[in-house]
Amino acid sequence: MTTPTHTFVCPECRHSFEVDDAMREALLEAGCVVCGAPVVDADLTAPTVE
Amino acid sequence: MTTKREAEMSASAIDAFLARHETGVLSLARDDAPYAIPISYGYDEDTREAFLRLVSTVDSEKREFLGSDPDARLVVYEEDGEDYASVVAVGTLERVDPAELTPERIAQYGETRRPLFEIWADGKPDLDIQLYRLAPDRLTGRTVTVDRDEGE
């Protein structure tokens with residue numbers, strides 16, 4: 001994985017892990033890798049810059 | 001009932017068969033104790049690997065058998081009139097760490113149906129869903145056509 005750009009939190013199973021852009025696209029296409037739930041943009045949050 | 005015709009499946013026929021189906025029976029063993037469960041899977045014809053999501057609880061029998069990378073067999077079969085077909089995949093069942101996922105792996109699990117046979121009564125956050133990969137050391141398949149009327 002290249003540098004993580006987002007944190008994924010599954011809306012159904014609550015599994016969470018960091019992803020890069022390619023993984024983000026894959027999750028939006030394929031759904032949660034753990035439970036299969038559909039994934040939308042809102043489930044992937046970019047880190048907050050302080 | 002007698003066998004009219006019997007044949008080994010080609011590698012491409014095995015791949016197509018496994019890709020067409022989505023459920024099978026996973027068999028594990030520990031010492032002399034067998035353990036077999038119906039499971040859902042996804043199959044990648046390019047890498048010839050099966051991908052599974054398995055749900056278990058801390059005290060479950062399944063968890064005991066899953067242990068650390070157990071030897072496993074996946075059996076997928078179908079029956080259509082007088083025609084039977086089955087594929088057996090033999091290999092090691094490896095746990096996949098979500099922290100080591102790749103876009104390709106996410107896509108492969110996207111082909112895997114949710115565990116149809118699992119109990120989802122509990123809320124998902126309470127379930128321990130683990131990812132597994134079966135890269136078979138041996139993949140065999142056979143088709144059999146029987147004559148049901150023979151001998152009656």
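Analyst: Let's start with a term you will meet often: a residue is buried if 20 or more other C-beta atoms, placed from the backbone, lie within 10 Å of its own, exposed if 12 or fewer, and partly exposed in between. The structure above is a predicted model, where local features need pLDDT of at least 70, side-chain atom pairs count only at pLDDT 80 or more, and totals for chains, interfaces and linings use all residues. Residues are numbered from 1 along each chain as its sequence is written, while chains are lettered from A and ligands numbered from 1 in the order in which they are written.

User: Thanks! Which residues of α1(A) are buried?

Analyst: Helices (H or I, at least four residues) and strands (E, at least two) are DSSP runs, numbered from the N terminus. In α1(A), the buried residues are A:Met23, A:Arg24, A:Ala26, A:Leu27 and A:Ala30. Seen down the helix axis, they fall within an arc of 165 degrees, so they line one face of α1(A). The arc is that of the directions from the helix axis to the C-beta atoms. The general idea is that an α-helix has 3.6 residues a turn, so residues three or four places apart point the same way.

User: What covers the buried residues of α1(A)?

Analyst: The cover includes β1 (6–9), β2 (16–19) and β3 (44–45) of chain A, and also α3 of chain B. Just after α1(A) comes A:Gly31, with a positive phi of about 95 degrees.

User: How many helices and strands are there in chain A?

Analyst: Chain A has one helix and three strands, and along the sequence they follow the pattern β-β-α-β. Of its 50 residues, 34% count as buried. Its C-alpha trace spans about 30 × 20 × 15 Å along the principal axes.

User: In which order do the three strands of chain A form a sheet?

Analyst: Strands of a sheet pair through backbone hydrogen bonds, either parallel or antiparallel. Here two strands pair if DSSP finds at least two bridges between them. The three strands of chain A form an open sheet in the order β2-β1-β3, with antiparallel pairing. Its β2 and β3 stand at the edges with a single partner strand each, so one side of each is left without a neighbour in the sheet.

Now for the pairs themselves. β1(A) and β2(A) share four bridges; A:Val9, for example, has A:Ser16 in β2(A) as its bridge partner. These two strands form a hairpin with six residues between them, and A:Arg14 in the turn has a positive phi of about 70 degrees. On the other side, two bridges join β1(A) to β3(A), where the bridge partner of A:Thr7 is A:Thr45.

User: And how many helices and strands are in chain B?

Analyst: Chain B has three helices and seven strands, running β-α-β-β-β-α-β-β-α-β from the N terminus on. Buried residues make up 26% of its 152 residues.

User: How many residues does each chain bring to the contact?

Analyst: Two residues are in contact if their C-beta atoms, placed from the backbone, lie within 7 Å. Chain B brings 13 residues and chain A brings 17 residues. On the chain B side, α3 (103–110) and β7 (128–147) each supply at least two, and α3(B) gives the largest share, five residues.

User: What do the buried residues of α3(B) pack against?

Analyst: First, they are B:Arg105, B:Ile106, B:Gln108 and B:Tyr109. They cover an arc of only 160 degrees around the axis, which puts them on the same side of α3(B). They pack against α1 (21–30) of chain A, together with β3 (33–44), β4 (49–56), β6 (83–96) and β7 of chain B.

User: Which residues touch the most other members of the largest nonpolar core?

Analyst: A nonpolar core is a set of buried Ala, Val, Leu, Ile, Met, Phe, Trp, Tyr and Cys residues joined through C-beta atoms within 7 Å. The largest one has 39 residues, and A:Leu27, B:Ala50, B:Leu52, B:Leu74, B:Ile106 and B:Leu134 touch the most other members. The largest share of this core, five residues, comes from β4(B). Try finding B:Ala50: leaving aside its neighbours within four places in sequence, B:Ala50 is in contact with B:Tyr41, B:Tyr43, B:Leu74, B:Ala89 and B:Leu134.
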